[in-house]
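Trainee: I have a new model open on my screen and would like to learn how to read it. Could we go through it together, one feature at a time?

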Amino acid sequence: MDGSNFLDAPQTAGNWSYGADPDETLAFFAQSGAENTAPLIIRCSVADREVWLARRGRSEAAMMRIRTETTARSILANPVPGQSNLIAVRLRGSDPLLDAMAITKGRFAVETGGLQTLYLPAWAEVTRVIEDCR
């Protein structure tokens, strides 16, 4: 699909779920009952005020491009220590890219080298995790 038309692309199958404990909050995008294999996880490290965007399916570094209605940015995603097949980027909780993800026109895209592009709805769970890191 032409990258400029990602807002018209069919949504990736699945839903957002939210979870919290004292140290972190998480939004998982997965098909029902498959949170352990979620292709995207958004995590707020409360103490650090950092948001992690993690993709499952790679064990070596790759570029991750986040596209919203108003913004697109490519960031190097690195392997997550102690987690096989998971790469992530870290953003400060105040990063404007997070605002763009939360207020985009219905969806945002996550493009990662070697993995299928995700077309994800910008539901309340996304905004909630971002706000937890502010």
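Trainee: Let's start with a single residue. Where is the place of Ile41?

Mentor: Happy to help, and please keep in mind that this is a predicted model. Ile41 sits in strand S3.

Trainee: Is Ile41 buried or exposed?

Mentor: We call a residue buried when its relative accessible area is under 20%. Ile41 has a value of 10%, so it counts as buried.

Trainee: Which residues does Ile41 touch, not counting those up to four places away in sequence?

Mentor: Its contacts are Leu26, Ala27, Phe28, Trp52, Leu53, Ala54, Arg56 and Leu86. One of the strand partners is there too: Phe28 stands opposite Ile41. For a contrast, try Asp23, which is 18 residues from Ile41 in sequence and 16 Å from it in space, C-alpha to C-alpha.

Trainee: Phe28 brings me to strand S2. How many of the residues of S2 are buried?

Mentor: S2 covers residues 24-30, and 7 of its 7 residues are buried.

Trainee: Which way do the side chains of S2 point?

Mentor: Here is the general idea first. In a regular strand, side chains alternate between the two faces of the sheet. In this model, Glu24, Leu26, Phe28 and Ala30 point one way from S2. Thr25, Ala27 and Phe29 point the other way, and both sets are buried.

Trainee: How many bridges join S1 to S2?

Mentor: There are 6, and the two strands run antiparallel. S1 spans residues 15-20, and Gly19 has Leu26 as its bridge partner in S2. S1 and S2 make a hairpin, with 3 residues between them. On to S3, residues 40-45: S2 pairs with it over 6 bridges, again in the antiparallel sense.

Trainee: Now the whole sheet. In what order do the strands come?

Mentor: The open sheet has 9 strands, and you can trace them as S1-S2-S3-S4-S7-S6-S5-S8-S9, with antiparallel pairing. S1 and S9 (118-121) are at the edges with a single partner strand each, so one side of each has no neighbour in the sheet. From one strand to the next, the twist averages 25°.

Trainee: S4 is followed by S7 in that order. How many bridges join S4 to S7?

Mentor: You will find 7 bridges there, and the strands run antiparallel. As an example of the pairing, Ala54 stands opposite Ala88 in S7.

Trainee: And the helices? Which strands does H1 lie across?

Mentor: Helix H1, residues 96-103, lies across S3, S4, S5, S6, S7 and S8, and runs at about 105° to S7. Helix H2, residues 124-132, also packs on the sheet, where it touches S1, S2, S3, S8 and S9. The direction of H2 makes about 30° with that of S1.

Trainee: Next, pockets. What is the volume of the largest pocket?

Mentor: The general idea is a simple one: rolling a probe the size of a water molecule over the atoms shows where empty space is left. In this model the largest pocket has a volume of about 160 Å³. Its lining is made of Leu26, Phe28, Ile41, Arg43, Trp52, Ala54, Val80, Leu86 and Ala88. S2, S3, S4 and S7 are the elements that give two or more residues to that lining.

Trainee: How many of the lining residues are nonpolar, polar or charged?

Mentor: By class, the lining has 8 nonpolar residues, 1 charged residue and no polar ones.

Trainee: Let me turn to the loops. Which residues is Pro39 in contact with, leaving aside neighbours within four places in sequence?

Mentor: Pro39 lies in the loop between S2 and S3, and it is in contact with Phe29, Ala30, Ala54, Arg55, Arg56 and Leu118. At 24% relative accessibility, Pro39 is partly exposed. Its C-alpha atom and that of Gln116 are separated by 9.5 Å, although the two residues are 77 apart along the chain.

Trainee: What about backbone angles? What is the phi of Arg49?

Mentor: Arg49 has a positive phi of about 55°, although it is not a glycine. Arg49 lies in the loop between S3 and S4 and is partly exposed, with a relative accessible area of 32%. Asn85 is another non-glycine with a positive phi, about 65°. You will find Asn85 in the loop between S6 and S7, partly exposed at 37%.

How values were computed:
Residues numbered from 1 in each chain as written. Predicted model: local features only at pLDDT ≥ 70, side-chain atom pairs only at ≥ 80, totals over all residues. Heavy atoms only, no water. Buried < 20%, exposed > 50% of the residue type's maximum accessible area, 1.4 Å probe, protein only. Helix = DSSP H or I, 4+ residues; strand = E, 2+ residues; numbered from the N terminus. Pairing = 2+ DSSP bridges. 1 Å grid on protein atoms, 1.4 Å probe; cavity = no way out; pocket = protein on both sides within 12 Å on 5 of 7 lines; lining within 4 Å. Points joined across faces, edges and corners; volume = space filled by probe spheres on them. Nonpolar A, V, L, I, M, F, W, Y, C, P; charged D, E, K, R; others polar. Axes fitted to C-alpha atoms, helices over the stretch in contact; angles between N-to-C directions. Contact = heavy atoms within 4.5 Å.
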